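Thanks for coming. Please have the sequence and the model open, and stop me if I lose you.

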Amino acid sequence: MFDMLVRLYDLPDVSSSINELKGQGILIRRPGAYERHIVTDWVGRTFSPKWVSETKVAFGRQPVSCFIATCDSRIVGFACYDVTARGFLGPMGTDPSVRRSGLGKALLVTALGALRDMGFAYAFIGGVGPAEFYAKTVGAVPVEGSTPGIYVDILPDPEL
């Protein structure tokens, strides 16, 4: 897994996608601090315990450095930024039921736009999974020599 670099001054416009998602009942918003336990529980059940740790950091920021997507008062996606390291995107993910709907792109660009609004010109996506998605969606390029990057000597999750 390698890191990717994104030019934040060249992000695509996703406003029409966000409006289209709204028409389908999917809203993208920042969660409130009072929703931390709900969001982190969903992240843990849907993705990874390590992502729970990173998502909790997002709730320690003001404003919260995370966006969620909801449909019928149910979380269907999330994107955190500036949690693992400054200027980094992630973790982020969408529920399998809404994949290929444009939600991933909308969450990605919304979170990257928040980094741009903080004054960053570039952002890193750390330890990427879907590299092709990031390259196609926001022109992300691999950072040579970035394996394992900042993810060195990660403690294993204890066996339950």
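Let me begin with charge. The protein chain carries 16 positive and 16 negative side chains, and the centres of these two sets are 5 Å apart. Keep in mind that this is a predicted model.

Next, the overall dimensions. Along the principal axes, the C-alpha atoms fill a box of roughly 45 × 40 × 30 Å. A compact globule with 160 residues would have a radius of gyration near 15 Å, and the protein chain has 15 Å, so the two agree. The accessible surface comes to about 8800 Å², and carbon and sulfur atoms account for 54% of that surface. As for the residues, 44% of the 160 count as buried.

Now the secondary structure. The protein chain has five helices and seven strands. Read from the N terminus, the order is β-α-β-α-α-β-β-β-α-β-α-β.

How are the seven strands arranged in the sheet? They form an open sheet, in the order β2-β3-β4-β5-β6-β1-β7, with mixed pairing. At the edges are β2 and β7, each of which pairs on one side only. As a reminder, strands of a sheet pair through backbone hydrogen bonds, either parallel or antiparallel. One more figure on the fold: take the contacts between residues at least 6 apart in sequence, and 71% of them join residues at least 24 apart.

Let us look at one strand, β1, which covers residues 4-7. Which of its side chains are buried? The side chains alternate: M4 and V6 point to one face and are buried, while L5 and R7 point to the other face and are not.

Strand β1 has two partners to go through. With β6, residues 122-125, β1 pairs in the antiparallel sense over four bridges. With β7, residues 141-142, β1 is joined by two bridges, and these strands also run antiparallel. You can follow both pairings from L5: this residue stands opposite F124 in β6, and opposite V141 in β7.

I will finish with three single residues, to practise reading accessibility.

The first is T94, which sits in strand β5, residues 88-94. Is T94 buried or exposed? Its relative accessibility is 9%, so T94 counts as buried; the cut-off for buried is under 20%. If we set aside neighbours within four places in sequence, T94 is in contact with F47, V76, G77, R99, L103, G104 and L107.

The second is E35, in the loop between β2 and α2. This residue has 15% relative accessibility and therefore counts as buried. Not counting residues up to four places away in sequence, E35 touches R29 and F59.

The third is D41, in helix α2, which spans residues 36-46. Why does D41 count as partly exposed? Because its relative accessibility is 42%, and partly exposed runs between the 20% limit for buried and the 50% limit for exposed. For a sense of distance, D41 and R100 are 59 residues apart in sequence, and their C-alpha atoms are 24 Å apart in space.

To go back over the main points: the seven strands form an open sheet with mixed pairing, and β2 and β7 are its edge strands. Of the single residues, T94 is buried, E35 is buried, and D41 is partly exposed. That is all from me.

Key. Residues numbered from 1 in each chain as written. Predicted model: local features only at pLDDT ≥ 70, side-chain atom pairs only at ≥ 80, totals over all residues. Heavy atoms only, no water. Rg over C-alpha atoms; globule rule 2.2 N^0.38 Å. Buried < 20%, exposed > 50% of the residue type's maximum accessible area, 1.4 Å probe, protein only. Contact = heavy atoms within 4.5 Å. Areas by Shrake-Rupley, 256 points an atom, 1.4 Å probe, with all protein chains shown as cover. Lys, Arg positive; Asp, Glu negative; His and termini not counted. Charge placed at Lys NZ, Arg CZ, Asp CG, Glu CD. Pairing = 2+ DSSP bridges.
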